[in-house]
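Q: I've got this model open and I'd like a close look at one helix rather than a tour of the whole fold. Could you pick one, tell me what surrounds it, and then show me the sheet it belongs with?

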Amino acid sequence: MCGHLLVDDLAEIGVKAVTFSGGGEPLIYPYIAEAINRLGQAGIKVATLTNGSHLHKDIAESFAQYGTWIRVSIDGWNAESYAKIRNVKLSEFDLVINNMRNFANLNSSCVLGVNYVIDNENYGHVFEFSRLMKSVGVNHLKIMGVLVSNEGKDCNDYHDKIRDRVQEQIVQAKGLEDEKFKIIDHYHEFPERFDKEYVTC
């Protein structure tokens, strides 16, 4: 069973929302569907950052009922590239795509988003991937650049070689937008340093 006491405590202290994320895949937690249901029934909004591999069955149904948003991170544009980049089975890409398509077909109010992380392998496939995401039923596609260093200059030098081609395709992809599908252009130059001036979260 899931951590009932923790869920009850969150509701009791007035927590408004919970996002499931982590250094690994959060949806492999064996009681995730139960936790989502209990949080939702307590009036707490739920969301997740996920690779999409476990967004199916009771987990998908729980998010469809109680979820606010789901964000799937993808960096490959087809089965071969996804398997190579992530070091997974060739079938994994289609699994994730089918999970997202099936979730979209639940016609939930939960927003289904995808982060497409641009690198020097996938940069030529932005429009192709955008078209696929629209056909799947994704609500919004966020396009962003991979971080290759803690120094902004290093990241910018890396992306300068592919930036024009990426931006051309983003413009093309925006032509696919409608009331159900949006492109979020987050592909921009990085600051010189990623200094954190704040002291609290």
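A: What follows is a close look at helix 6, its neighbours and then the sheet. Keep in mind that this is a predicted model.

Helix 6 covers residues 126-136. Its buried residues are V126, F127, F129, S130, M133 and V136. A handy rule here is that an α-helix has 3.6 residues a turn, so residues three or four places apart point the same way. You can try that on the buried set, which includes V126, F129, S130 and M133.

What do the buried residues of helix 6 pack against? On the strand side, the list is strand 3, strand 4, strand 5 and strand 6, and on the helix side it is helix 5 (92-104) and helix 8. Just after helix 6 comes G137, with a positive phi near 105°.

Now for the helix 8 contact. The axes of helix 6 and helix 8 are 8 Å apart and the packing angle is about 30°. Angles under 35 degrees count as roughly parallel, and the two helices are therefore roughly parallel to each other. Their crossing is right-handed. Helix 6 brings V126, F127 and S130 to this contact, while helix 8 brings V166, Q169, I170, Q172 and A173. Sort those by class and you get five nonpolar, three polar and no charged residues. V126, F127 and S130 also appear among the buried residues of helix 6.

Helix 8 (residues 163-174) has its own place on the sheet: it lies across strand 4, strand 5 and strand 6, at about 155° to strand 6. Two of those, strand 4 (residues 111-118) and strand 5 (residues 140-145), pair in the parallel sense over six bridges. If you want a spot to zoom in on, V114 stands opposite L141 in strand 5.

Step back and the sheet is open, with six parallel-paired strands in the order 1-2-3-4-5-6. Strand 1 (17-20) and strand 6 (182-186) are its edges, each pairing on one side only. From one strand to the next, the twist averages 15°.

Over at the strand 1 edge, four bridges join strand 1 to strand 2, and the two run parallel. V18 has V46 in strand 2 as its bridge partner. V18 also sits with F20 on the covered face of strand 1, whereas A17 and T19 are on the uncovered one. Here it's helix 3 (residues 57-66) that lies across strand 1, strand 2 (45-50) and strand 3 (67-74), running at about 130° to strand 3.

Terms used:
Residues numbered from 1 in each chain as written. Predicted model: local features only at pLDDT ≥ 70, side-chain atom pairs only at ≥ 80, totals over all residues. Heavy atoms only, no water. Pairing = 2+ DSSP bridges. Axes fitted to C-alpha atoms, helices over the stretch in contact; angles between N-to-C directions. Contact = heavy atoms within 4.5 Å. Parallel < 35°, antiparallel > 145°, perpendicular 65-115°, else oblique. Left-handed = near helix turned anticlockwise from the far one by under 90°. Nonpolar A, V, L, I, M, F, W, Y, C, P; charged D, E, K, R; others polar. Buried < 20%, exposed > 50% of the residue type's maximum accessible area, 1.4 Å probe, protein only.
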